[in-house]
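Work through the exercises below with the sequence and the model open. Each task is followed by a worked solution.

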Amino acid sequence: MGPKRTGPFASAKERNEIFMKEKIEQIKKEFVEEIKSITDLKSLEDLRIKYLGKKGELTAILRGMKELTAEERPIVGGWVNEAKAALEELINKKEAEFKRKELNKKLETEKVDITLPGSKLKRGSIHPLNRVIEDIEDIFVSMGYDVVEGPELETDEFCFERLNLPKGHPARDMQDSFYITDEHLLRTQTSAVQARAMVANKEKTPIRIITLGKTYRREDDATHSHQFNQVEGLVIDKKEVNISFADLKGTLEVFMRKMLGEKTELRFRPSYFPFTEPSYEVDVTCFKCGGKGCNLCKQTGWIELLGSGMVHPNVLKMNGYDPEKYSGFAFGTGIDRLAMFRYGITDMRYLYRNDVRFLNQFDRMDNE
Ligand code: DAH
């Protein structure tokens, strides 16, 4: 392959080949010279285009091959391809070298200082109301209760009538309500779920439920918010099981001592609720002063916390349970008040303002 003789004896074909071969060699030489002075990737790419690109010098030779004879073409083509491969190899080498250098430079200049303090991740925290809700659920689930839910937009029937509070009953006045229509209102008490549980269970026993959630009344001051949360408990079983006041007392003692401290004492005061008979209001010893008297308990040593009683026979009857065959107890309390006592919150409305300065104070409790 290739021309072996030059000079006056070379044929026209040989002279042509010699000329081409020299030209290719020349291009190669120039390239090798030029690439030496290349110092960055950008000019390396320019160089590649200059020699190997569409309008590049080697490509021009391939284009010019139409001038050659059929015999000459594959020979010259072979040379061009060899040259191309050689140039490409040099370019690739140079490119790899640049990249390696760049990486090394990066590694040197971008050293990570592991002794620098890390950037703090901003973390939210569980809302104080949800903390209390979760604790209440844990306490009652551990005693075998189910946690059930009811609607916040309630009917007059379930919120009042089925709880022995017919229309016009004076005890309705204590719960100034948001009526949506004559028959629909934002529930004023979770007691509505008592009636729902009985109707849904159709004399199935035992009913042993708590329900927690939002309730609404038209009131708004430091200790009342138009939206607040309640927890309600209901236990019903057959007469022979004999659910008694002692069961109610024991249950509320466990509940309050787990929530507010083992030393908490309970005081049951006779009271009136339309859905229970007898009814009691339950006070707990002030956990701030332990019962001695302080500003929190208004010097009485006691804090009024729960409503409770034995389920009224009318309520049993109205919701499908024969009062001759079944008995039970019920209780209800405000979750917001529990949260306020527990965390020393002085204004209930803080719980609903979503002020991060208030909420942030609870994040450290996540690790307790
Ligand atoms: N629903 C009452 C209220 O909102 C609280 C209450 C009292 C619930 C006595 C009860 C109960 O289940 O037996 O003031």
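**Exercise 1. Place Pro 278 and describe the peptide bond before it.**

Solution. Start with the element: Pro 278 sits in strand E7, residues 276–285. This is a predicted model. Next, check the bond from Glu 277 to Pro 278: the peptide is cis, with omega near -5°.

Now take Pro 206. It falls in the loop between helix H7 (192–201) and strand E4 (207–216). The bond from Thr 205 to Pro 206 is also cis, omega near -5°. For background, most peptide bonds are trans.

**Exercise 2. Find where Asn 242 and Gln 299 lie, and give the sign of phi for each.**

Solution. Asn 242 is in the loop between E5 and H8. Its phi is near 60°, positive in a residue other than glycine.

Gln 299 belongs to the loop between E7 and E8. Phi here is near 65°, again positive and again not in a glycine. Is Gln 299 buried or exposed? The cut-off for exposed is over 50% relative accessible area. Gln 299 is at 56%, so the residue counts as exposed.

For background, most residues other than glycine have a negative phi.

**Exercise 3. Work out what surrounds Asp 336, and what its side chain contacts.**

Solution. Step one is location: Asp 336 lies in helix H10, residues 335–343.

Step two is charge. Asp 336 is buried but has no salt bridge. The nearest side chain of opposite charge belongs to Arg 337, 8.8 Å away. A salt bridge needs the nitrogen and oxygen within 4 Å, which means that a separation of this kind does not qualify.

Step three is polar partners. The Asp 336 side chain reaches the backbone nitrogen of Asn 229 at 2.6 Å. It also makes a polar contact with the side chain of Tyr 352, at 2.4 Å.

Step four is the wider list. Neighbours within four places in sequence are set aside; the contacts of Asp 336 then include Leu 129, Phe 228, Met 348 and Leu 351.

**Exercise 4. Trace three salt bridges and say how each pair sits in the chain.**

Solution. The count for the model is 23 salt bridges. For background, side chains of opposite charge can pair when their charged atoms come close.

First pair: Arg 342 and Asp 135 meet N to O at 2.8 Å. Arg 342 is in helix H10 and Asp 135 in helix H5 (residues 128–142), so the bridge links distant parts of the chain, 207 residues apart. Arg 342 counts as partly exposed because its relative accessibility is 28%. Asp 135 is also partly exposed, at 27%.

Second pair: Arg 172 bridges to Asp 156, with the closest N and O atoms 2.9 Å apart. Asp 156 is in helix H6 (156–159), while Arg 172 is in the loop between H6 and strand E3 (184–186), 16 residues apart. Both Arg 172 and Asp 156 are buried.

Third pair: Arg 257 bridges to Glu 253, the closest N and O atoms being 3.9 Å apart. Both lie in helix H8 (residues 245–260), 4 residues apart, about one turn of the helix. Glu 253 counts as partly exposed because its relative accessibility is 22%.

Finish with the network. Salt bridges with shared partners join Asp 156, Glu 161, Lys 167, Arg 172 and Glu 183.

**Exercise 5. Describe the setting of Leu 186.**

Solution. Leu 186 is in strand E3. Its relative accessible area is 23%, so Leu 186 is partly exposed. Tyr 216 is 30 residues away along the chain, yet the two C-alpha atoms are 5.9 Å apart. Beyond four places in sequence, Leu 186 touches Glu 152, Leu 153, Phe 178, Ile 180 and Tyr 216.

**Exercise 6. Which residues surround the ligand, and how much of the ligand does the protein bury?**

Solution. The ligand has 15 residues around it. The closest are Gln 189, Ser 191, Arg 217, Gln 230 and Glu 232. Strands E5 (227–238), E8 (302–311) and E9 (326–334) each supply at least two residues of this shell.

Next, the polar atoms. A polar side-chain atom of Arg 217 lies 2.8 Å from a ligand oxygen. For Gln 194, a polar side-chain atom is 3.0 Å from a ligand oxygen. Phe 331 places a backbone N or O atom 3.3 Å from an oxygen of the ligand.

Last, the area. The ligand taken alone exposes 350 Å², and the protein buries 90% of that.

Methods. Residues are numbered from 1 along each chain as its sequence is written. This is a predicted model: local features need pLDDT of at least 70, side-chain atom pairs count only at pLDDT 80 or more; totals for chains, interfaces and linings use all residues. Side-chain values use heavy atoms; hydrogens and water are left out. Buried means under 20% relative accessible area, exposed over 50%, partly exposed in between (1.4 Å probe, protein chains only). Lys and Arg count as positive and Asp and Glu as negative; His and the chain ends are not counted. A polar contact is a pair of N or O atoms within 3.5 Å; within protein, one must be able to donate a hydrogen and the other to accept it, and residues adjacent in sequence count only if both atoms are side-chain atoms. Contact means heavy atoms within 4.5 Å. A residue is near a molecule or strand if one of its heavy atoms lies within 4 Å of it. Accessible areas come from the Shrake-Rupley method with a 1.4 Å probe; for residues, only the protein chains shown count as cover.
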